[in-house]
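Please open the model in your viewer and keep a selection panel at hand. The tour moves from one selection to the next and says what is found at each stop.

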Amino acid sequence: PPFVWEKLRHNPSFTRTFFSDLLRVALLRTYGGVWLDATILMTGNFPMDYTEADFFAFQRSAEEREKAYWESAYAYYYGWHPGFKVTLLNSMLFAKKGNGMINAIYTLLLHHWEEEESIPDYFFFQILFYELCQKGYDGGPIVSDCIPHLLQTKINGTFDAVSFEEVFALTPLHKMAYLNDEALARLKEVLSNHERGD
């Protein structure tokens, strides 16, 4: 709607990040398919389970074995205590056209930005997802949102619980950001070794 473009031009609180939150659900609602942030590295094909699901996103899993590590790495994003509401990685979303969860998030985000000038929390999208799940909306299958962060965490040298080979076996989708020159060189070496099968 026109108010979105006006807000994008004139409201500094409506950043590109929050615009992209609205854009991703608008596109998925209209067309279905896959949304990947520019920070996603693919090292293989999309898993068929994800593309065939009515809705899929990596989520917080109670089965995660390294909870203490992840909470110590970034407690504002990672948490497992009851009522912790940031439980979704929204940089990778798979959805069928017209999916109920996507429709609901789209409607809520659109209404919020029509009525308000800012959001109450950076993870507003994730909090909406959590609340909708509590209301009975289908959040899809749960696959740990720690998994797509493994490669970056290992590249940055802070996680040894799994090998690079195990990371590539777990997922072809990797959330990447915040790599300095040294980490980027290491990533290139790891990817080269992976492609050669070393």
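**First stop: the cysteines**

Select C133, which counts as partly exposed, with a relative accessibility of 27%. Bear in mind throughout that this is a predicted model, so that every value on this tour is computed from predicted coordinates. Now add C146 to the selection: in contrast to the partly exposed C133, C146 is buried, at a relative accessible area of 1%. How far from the sulfur of C146 is the closest cysteine sulfur? The distance is 17 Å, to the sulfur of C133, and because a disulfide requires sulfur atoms within 2.5 Å, this separation is too far for a bond. The disulfide count is accordingly 0, and C133 is in no disulfide, the sulfur of C146 being the nearest cysteine sulfur to its own.

**Second stop: the whole chain**

Clear the selection and show the protein chain as a cartoon, where 9 helices and 5 strands can be picked out. Followed from the N terminus, the elements come in the order α-α-β-β-α-β-α-β-α-α-α-α-β-α. The radius of gyration is 18 Å, which is close to the 16 Å that the globule rule gives for 198 residues, so the chain is as compact as a globular protein of that length. With the view turned onto the principal axes, the C-alpha trace spans about 55 × 35 × 35 Å. If you colour by accessibility, 46% of the 198 residues count as buried. Among the contacts with a separation of 6 or more, 74% are made by residues 24 or more positions apart.

**Third stop: the largest pocket**

Select Y74, H149, K175, A177 and Y178, which are the closest to the centre of the largest pocket among the 29 residues that line it. The space in this pocket comes to about 800 Å³. Which elements give two or more residues to its lining? They are α2 (16–31), α4 (67–73), α6 (124–134) and α7 (150–155), and of the elements α2 gives the most, with 5 residues. For anyone considering the chemical character of the lining of the largest pocket, its residues divide into 14 nonpolar, 11 polar and 4 charged.

**Fourth stop: the second largest pocket**

Move next to E64, R65, I147, L150 and L170, which lie nearest the centre of the second largest pocket, a site lined by 15 residues. About 280 Å³ of space lies in this pocket. Its lining is made up of 9 nonpolar, 2 polar and 4 charged residues.

**Last stop: the enclosed cavity**

Finally, select F18, D21, L109, W113, I119, F124 and F125, the residues that line the largest cavity. The elements giving two or more residues to this lining are α2, α5 (100–115) and α6. How many cavities of 30 Å³ or more does the structure hold? There is 1, and the space in the largest cavity is about 40 Å³. By class, its lining has 6 nonpolar residues, no polar residues and 1 charged residue.

Before closing the viewer, it may help to show α2 and α6 once more, as both give two or more residues to the lining of the largest pocket and both do likewise for the largest cavity.

Terms used:
Residues are numbered from 1 along each chain as its sequence is written. This is a predicted model: local features need pLDDT of at least 70, side-chain atom pairs count only at pLDDT 80 or more; totals for chains, interfaces and linings use all residues. Side-chain values use heavy atoms; hydrogens and water are left out. On a 1 Å grid over the protein atoms alone, a cavity is a set of points where a 1.4 Å probe fits but cannot get out, and a pocket is an open set with protein on both sides within 12 Å along at least five of seven lines; lining residues have an atom within 4 Å of a point. Grid points are joined across faces, edges and corners, and a volume is the space filled by probe spheres set on the points. Helices (H or I, at least four residues) and strands (E, at least two) are DSSP runs, numbered from the N terminus. Ala, Val, Leu, Ile, Met, Phe, Trp, Tyr, Cys and Pro count as nonpolar, Asp, Glu, Lys and Arg as charged, and the others, Gly among them, as polar. Buried means under 20% relative accessible area, exposed over 50%, partly exposed in between (1.4 Å probe, protein chains only). The radius of gyration is taken over C-alpha atoms; the globule rule is 2.2 Å times the number of residues to the power 0.38. Contact means heavy atoms within 4.5 Å.
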